[in-house]
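Biologist: I am new to this structure and should be grateful for a close look at a single part of it. Please choose one helix and set it in its surroundings.

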Amino acid sequence: MRRGRRRALGFCVSVTHARFMADVFTANGATAVAVHSGPGSAPRRRSVEELRQGTVDVIFTVDVFNEGLDVREVAAVLLLRATGSPVVCLQQLGRGLRRSAGKDGLVVVDLIG
């Protein structure tokens with residue numbers, strides 16, 4: 001991972017939103033991809049592995065990684081969509097709560113509140 005960067009997952013409202021966010025972050029110097037169930041998605045397994053290795057800074061996703069993903073290196077969670085469900089919100093938050101060597105905490109950016 002590049003110095004000063006935290007590996008992050010961003011939870012988006014739509015495929016268009018995930019692509020937009022990945023484009024904005026990429027245009028501003030981050031390595032970001034959009035992973036979703038539609039055409040044009042970044043490859044899921046490769047993107048997760050690159051996030052683990054630190055060659056990808058952010059994965060923006062739509063209803064793909066709410067549960068069942070264990071990437072302990074995730075140190076930032078970007079909540080960019082309303083869930084309407086406390087359970088889904090906790091699942092998304094939980095993606096960053098796993099402990100990892102060298103990880104000193106979790107940054108949560110909740111743009112919905």
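Modeller: Helices (H or I, at least four residues) and strands (E, at least two) are taken as DSSP runs and numbered from the N terminus. The model is a predicted one, in which local features need pLDDT of at least 70 and side-chain atom pairs count only at pLDDT 80 or more, while totals for chains, interfaces and linings use all residues. Residues are numbered from 1 along each chain as its sequence is written, and side-chain values use heavy atoms, with hydrogens and water left out.

The helix chosen is H2, which comprises residues 44-53. Its setting is the sheet, and that is described before the helix itself.

The sheet is open and has five strands in the order E2-E3-E1-E4-E5, with parallel pairing; two strands pair if DSSP finds at least two bridges between them. Its edges are formed by E2 (32-35) and E5 (107-110), each of which pairs on one side only. From one strand to the next, the twist averages 15°. Strand E1 (residues 8-11) runs parallel to strand E3 (residues 58-61), and four bridges join them. Within this pairing, Ala8 has Val58 of E3 as its bridge partner.

Against this sheet packs helix H2, which touches E1, E2 and E3 (contact means heavy atoms within 4.5 Å). The direction of H2 makes about 145° with that of E3; axes are lines fitted to C-alpha atoms, for helices over the stretch in contact, and angles run from 0 to 180 degrees between N-to-C directions.

The two faces of the helix can now be considered. Buried in H2 are Ser47, Val48 and Leu51, where buried means under 20% relative accessible area, exposed over 50% and partly exposed in between (1.4 Å probe, protein chains only). These residues lie on the same side of H2 because they cover an arc of only 100° around the axis, the arc being that of the directions from the helix axis to the C-beta atoms. The elements that cover them include E1, E2 and E3. On the face of H2 turned away from this buried side are the exposed residues Arg45 and Arg46.

One backbone detail follows the helix: just after H2, Gly54 takes a positive phi of about 90°.
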